[in-house]
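Let's take a friendly walk through this model together. Please have the sequence and the 3D view open side by side.

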Amino acid sequence: MMHIAIIGCGQLARMMALAGWPMGLRFSFLAEAGENSDCVAGLGAVVERSPAVTAEALYEALGRPDVVTVEREQVDTELLRSLRPWCPVYPDPDAIAVCQHRGREKAFLQSRGIALAPFRRVNSADTLCAAVAELGYPVFVKSCEQGYDGQNQWRLTSDNDRDALIAQLECWPELVVEAQVAFSRELSIIAVRSASGTEACYPLTENRHQGGILVSSQAPAPALTPALEQQARELAERLLQHWDYVGVLAIECFVVGDQLLVNELAPRVHNSGHWTQVAGVCSQFENHLRAICGRGLGPTQPLAHAAMLNLLGQLPPDHLAGSGEIQLHLYNKQLKPRRKIGHLNLQDPDPQRLQQRLATLEAAVYPAQAESPSA
Ligand code: AMP
């Protein structure tokens with residue numbers, strides 16, 4: 001029985017373990033000191049990280065895993081590298097190091113000739129003012145680290161906004177300033193590469209965000225053109241091959257005209273790939289495990305259209321939770337405003353009907369404006 005150690009203990013670790021148990025895999029999880037690990041309760045041993053411990057002792061504490069992987073990019077990549085003498089670590093810590101820092105990620109993408117929004121790296125009031133003057137309002141200011149789901153992120157539309165941000169920042173973290181992109185929609189690519197170098201992509205997924213948080217996804221994205229699909233495939237191949245990547249890589253993109261601009265990379269399974277738990281594909285969770293365990297990849301071409309609605313600080317009404325038409329996933333998390341506590345998946349042979357069902361579902365889960373995910 002192969003043993004996988006996952007760095008992290010949130011919902012992505014939970015869904016990987018839930019996919020891996022029937023594959024005969026067992027799991028352990030590395031939590032930060034004092035971190036809540038309810039999401040993975042009952043799915044394997046949870047080890048708390050202690051800074052003093054050596055890599056060898058950590059490897060022992062994790063139960064001598066056959067492979068180490070991650071469920072988040074904010075991990076100590078030195079720690080990952082130090083585990084390598086004992087077992088493979090996938091994806092490559094070099095890829096994770098790039099993806100965990102927006103400044104490094106954007107510089108890397110630019111150096112590879114990959115299209116992205118114009119940006120500047122800043123770390124002071126002066127450099128921020130210069131960047132804004134060059135890029136023009138509106139701009140997005142994002143912290144290079146610790147920024148996800150719209151956290152540590154500001155949209156500035158005027159000098160007043162800029163000055164308010166300068167006054168608010170007590171110390172200056174590394175930031176990127178990015179021109180606002182007039183995108184027609186947001187798409188993501190969920191790609192996977194196995195240890196033997198086989199690659200696969202799920203179809204492009206269309207994602208809707210509110211306040212920087214993903215609300216819903218639909219796959220395949222409506223009205224895909226062969227040119228867009230080819231761009232996505234080529235983009236994924238270039239990145240996967242560059243890093244000799246093993247596992248799932250998610251690429252979030254803006255669509256401008258008929259071009260994909262990369263917004264962000266995630267070196268892991270991704271919220272916009274949760275729909276892969278339905279529609280007759282091998283889920284992103286199973287495919288990630290297949291990849292890192294050296295097994296062949298499962299199918300990524302869906303037999304139906306699929307959609308996902310995030311549950312943000314909100315349980316679905318009982319009649320929906322129990323409906324046979326909807327697949328409910330809960331993460332064993334306490335309810336808090338806007339917190340991702342689960343998601344709903346649905347599938348339909350007809351994309352228009354799927355879109356309608358998704359809209360009806362969203363209205364039922366977030367009935368009042370006050371409860372809507374954008375509130
Ligand atoms: P991020 O944290 O970079 O994934 O951004 C979260 C969301 O904010 C994105 O999915 C977009 O909806 C929006 N956003 C971020 N950056 C930009 C940008 N440069 N132009 C327009 N919208 C953006």
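The report below covers the ligand site, then a sheet, then some backbone details.

This is a predicted model, in which local features need pLDDT of at least 70 and side-chain atom pairs count only at pLDDT 80 or more, while totals for chains, interfaces and linings use all residues. Residues are numbered from 1 along each chain as its sequence is written, and side-chain values use heavy atoms, with hydrogens and water left out.

**The ligand site**

Around the ligand you will find 15 residues, the closest being K142, E178, V181, E186 and E264; a residue counts as near if one of its heavy atoms lies within 4 Å. By type, this shell holds 5 nonpolar, 5 polar and 5 charged residues. Here Ala, Val, Leu, Ile, Met, Phe, Trp, Tyr, Cys and Pro are nonpolar, Asp, Glu, Lys and Arg are charged, and the others, Gly among them, are polar.

Domain 2 (118–179) and domain 3 (185–371) each give the shell at least three residues, with bounds from an automatic or database domain assignment. Strands β6 (139–143), β8 (175–179) and β14 (259–266) each contribute at least two. Strands (E, at least two residues) and helices (H or I, at least four) are DSSP runs numbered from the N terminus.

The table gives polar contacts of the ligand, that is, pairs of N or O atoms within 3.5 Å.

| Ligand atom | Protein partner | Distance |
|---|---|---|
| nitrogen | V181, polar backbone atom | 2.8 Å |
| oxygen | N263, side-chain N or O atom | 3.2 Å |
| oxygen | E264, side-chain N or O atom | 2.9 Å |

Taken alone, the ligand exposes 470 Å², and the protein buries 93% of that (Shrake-Rupley method, 1.4 Å probe).

**An open sheet**

Four strands form an open sheet in the order β3-β2-β1-β4, with parallel pairing; two strands pair if DSSP finds at least two bridges between them. At the edges are β3 (45–48) and β4 (67–70), each pairing on one side only. Within the sheet, 5 bridges join β1 (residues 3–7) to β2 (residues 26–31), and I4 stands opposite F27 in β2.

**Backbone details**

Most residues other than glycine have a negative phi, and most peptide bonds are trans. Yet the bond from Y137 to P138 is cis, with omega near -10°, and P138 sits in the loop between α6 (125–135) and β6. The bond from A219 to P220 is also cis, with omega near -10°; P220 lies between β12 (213–219) and α8 (226–242), in a loop. Finally, D244 is not a glycine but has a positive phi of about 50°, and its place is the loop between α8 and β13 (247–256).

Definitions and conventions
A polar contact is a pair of N or O atoms within 3.5 Å; within protein, one must be able to donate a hydrogen and the other to accept it, and residues adjacent in sequence count only if both atoms are side-chain atoms.
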